[in-house]
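Thanks for coming, everyone. I'll take a few minutes to walk through one model. Please look at the sequence and structure first.

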Amino acid sequence: MLHSLRSFCSRFPVTAAFIAIAVGLFIAVQVYRINHNSAGQSDFDDALWKLGAVQPLVFVHDHPLIEEKDYPTGGPFDLWAGEWWRILVSGFHHGDLLHLVMNCIAIGFLGHLIEPVMRNWVYALFLIVATFVSLLPEYYWEHYPVGLSGAAFAMFGMLILLRKTDEHIAEVFTDREIHWGLGWLLLCFVLTYLGILNIANAAHVTGFLYGLLAGVVVINHSRWKSLFRFAFVALHLALIPATWLVCHPYWNGKYYWYLARHTEDLGQRITYLQQGVDLSPGEPKIGAELALSLYRTESVPFGSWETILKSLKRNRSYEKGVELARLIWKQFHSEDQKAQARAMVDEIFGDESEAWSDRLQLAQVEMVQTDLAPERGGKGPAEELLFLKEQGPQTRTLKPQDLTAPPVDPGSPQSAVEGVTL
């Protein structure tokens, strides 16, 4: 077997190198987990991140870009910081041993047919670009894929065209292999739809289309072949703006929260957070942080009060937001201020205003400013409560009884459920 492995590596060095990188990274991840004496999901995510993969960082605990251990919202902060190369590295990582083995078998089988008919550097460049291109669409949908399956489908697409001009490939890569490949492509959609597996179908389809396009260029022998090849190469320049957009997702509210956390200008921070709330109203902690930032600009905190109330209306089970609203309420000292604040509650919550008044404890007699009040000069105890671990729901009486959040929908872009896509 060792002789066969050495023979494969000498005959197909590019294919072997791609497989070796994937295997090496998988072993490195397992070594990291062993060194940390844990086989848990958190150490797996830590290892992926430390070894170069894109991670949403909802499970990574020591990221240097942020101070909080339990930060308000998740996102691919490394990409937003410009580390675009992590996209390519993510392609060489795999979710588990079965995922690795299946992709390595596919790469090995398809690669031993393609590599002999292409120059090594052209073939290597094709695999690298195919891996990168196939993963890009996943990040537009806030997925975090790992694996070489996108590159494998690019090889599959190219072989469909190469078999038309190469007899040896046609003998090995028959209609049966094509039917199997297309069947697996469709089956992955079914498995994802049924919730059995979380599969990066966008990467599969993108890789497949890229391979077909590359195959058309490779087999073209018309008098226009030079023009076709130049146009194909020039088309890759589109990767520059496409990658820039992935690293600067202006349509993503969490991205503006990230920008807000990295600016010292309070006015600019408020602008970023307002954009974040507008784009991602289902992210309660963005609204809470906006309320705190507004508080620092106000002598009487009506703006921050209105902001946190609107956030709570959209995110009813966010207990930290309730605590923050109670603290802001204590900053209204005159009866006129309290009356205006209660009027906002009536306007925002309508028929539910009485129940929310009870929940926010607006009827309490003690309204003095305490040490828990948000500080206007920096991070005070009120802001710190945003980054503490969530506690279980407190016992309270609510009228009506439905002032809680609906069940989390894992398929929703506003869901808190994030993870690794295979």
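One term before we start. A residue is called buried under 20% relative accessible area, exposed over 50%, and partly exposed in between. Keep that scale in mind, because Gln361, at 31%, falls in the middle class and is partly exposed. And a caution: this is a predicted model.

Now the overall picture. The chain has 21 helices and zero strands. It runs to 422 residues, and 48% of them are buried. What about contact range? Take the contacts between residues at least 6 apart in sequence: 70% of them join residues at least 24 apart.

Let's stay with Gln361 for a moment. It sits in the loop between α20 and α21, the latter being residues 381–384. Its phi is near 60°, a positive value, and it is not a glycine. The background is simple: most residues other than glycine have a negative phi. Which other residue shows a positive phi of about 60° without being a glycine? Glu142 does. You'll find Glu142 in the loop between α7 and α8, with α8 spanning 149–162. Glu142 is partly exposed, at 27% relative accessible area.

That loop follows α7, so let's move to α7 itself. Helix α2, residues 13–35, packs with α7 at an angle of about 35°. The two axes are 9 Å apart. The crossing of α2 and α7 is right-handed. Who meets whom? From α2 come Pro13, Val14, Thr15 and Phe18. From α7 come Asn120, Tyr123, Ala124, Leu127, Ile128 and Thr131. By class, that contact of α2 with α7 has seven nonpolar residues, three polar and no charged ones.

Next, aromatics. The structure holds 22 aromatic pairs. Let me show you one: Tyr140 with Trp251. The ring centres are 5.6 Å apart, and the planes are at 25°. Is that pair stacked or edge-to-face? It is stacked, because the cut-off for stacking is under 30 degrees. Tyr140 lies in helix α7, residues 120–140. Trp251 lies in the loop between α13 and α14. So the pair ties together parts that are 111 residues apart in sequence. How covered are the two partners? Tyr140 is partly exposed, with 27% relative accessible area. Trp251 is partly exposed too, at 32%.

There is also an aromatic cluster. Its members are Phe77, Trp80, Tyr255, Tyr256, Trp257, Tyr258 and Tyr272. Several of these names come back in helix α14, residues 253–260. How many of the eight residues in α14 are buried? Seven, so the helix is mostly covered. The buried ones are Gly253, Lys254, Tyr255, Tyr256, Trp257, Tyr258 and Ala260. What do they pack against? Four helices: α4 (77–80), α13, α15 (266–279) and α16 (284–295).

Last topic: charges. In general, side chains of opposite charge can pair when their charged atoms come close. In this model the count comes to ten salt bridges. I'll show three.

First example: Glu177 with Arg176. The closest N and O atoms are 3.0 Å apart. The two ends sit in contrasting surroundings: Glu177 is buried at 17%, whereas Arg176 is exposed at 57%.

Second example: Glu352 with Arg316, at 2.9 Å from N to O. This pair links distant parts of the chain, 36 residues apart. Glu352 is in the loop between α19 and α20. Arg316 is in the loop between α17 and α18. Buried or exposed? Glu352 is buried, at 15%. Arg316 is buried as well, at 17%.

Third example: Lys338 with Glu335, at 3.4 Å from N to O. Both lie in helix α19, three residues apart, which is about one turn of the helix. Lys338 is buried at 9%, while Glu335 is exposed at 57%. Salt bridges can also share partners: Asp78, Glu83 and Arg86 are joined that way into one network.

To wrap up, a chain of 21 helices and zero strands, with 22 aromatic pairs and ten salt bridges. That's it from me.

Definitions and conventions. Residues numbered from 1 in each chain as written. Predicted model: local features only at pLDDT ≥ 70, side-chain atom pairs only at ≥ 80, totals over all residues. Heavy atoms only, no water. Phe/Tyr/Trp six-rings, centres within 6.5 Å; stacked < 30°, edge-to-face > 60°. Helix = DSSP H or I, 4+ residues; strand = E, 2+ residues; numbered from the N terminus. Buried < 20%, exposed > 50% of the residue type's maximum accessible area, 1.4 Å probe, protein only. Axes fitted to C-alpha atoms, helices over the stretch in contact; angles between N-to-C directions. Left-handed = near helix turned anticlockwise from the far one by under 90°. Contact = heavy atoms within 4.5 Å. Nonpolar A, V, L, I, M, F, W, Y, C, P; charged D, E, K, R; others polar. Salt bridge = Lys/Arg side-chain N within 4 Å of Asp/Glu carboxyl O.
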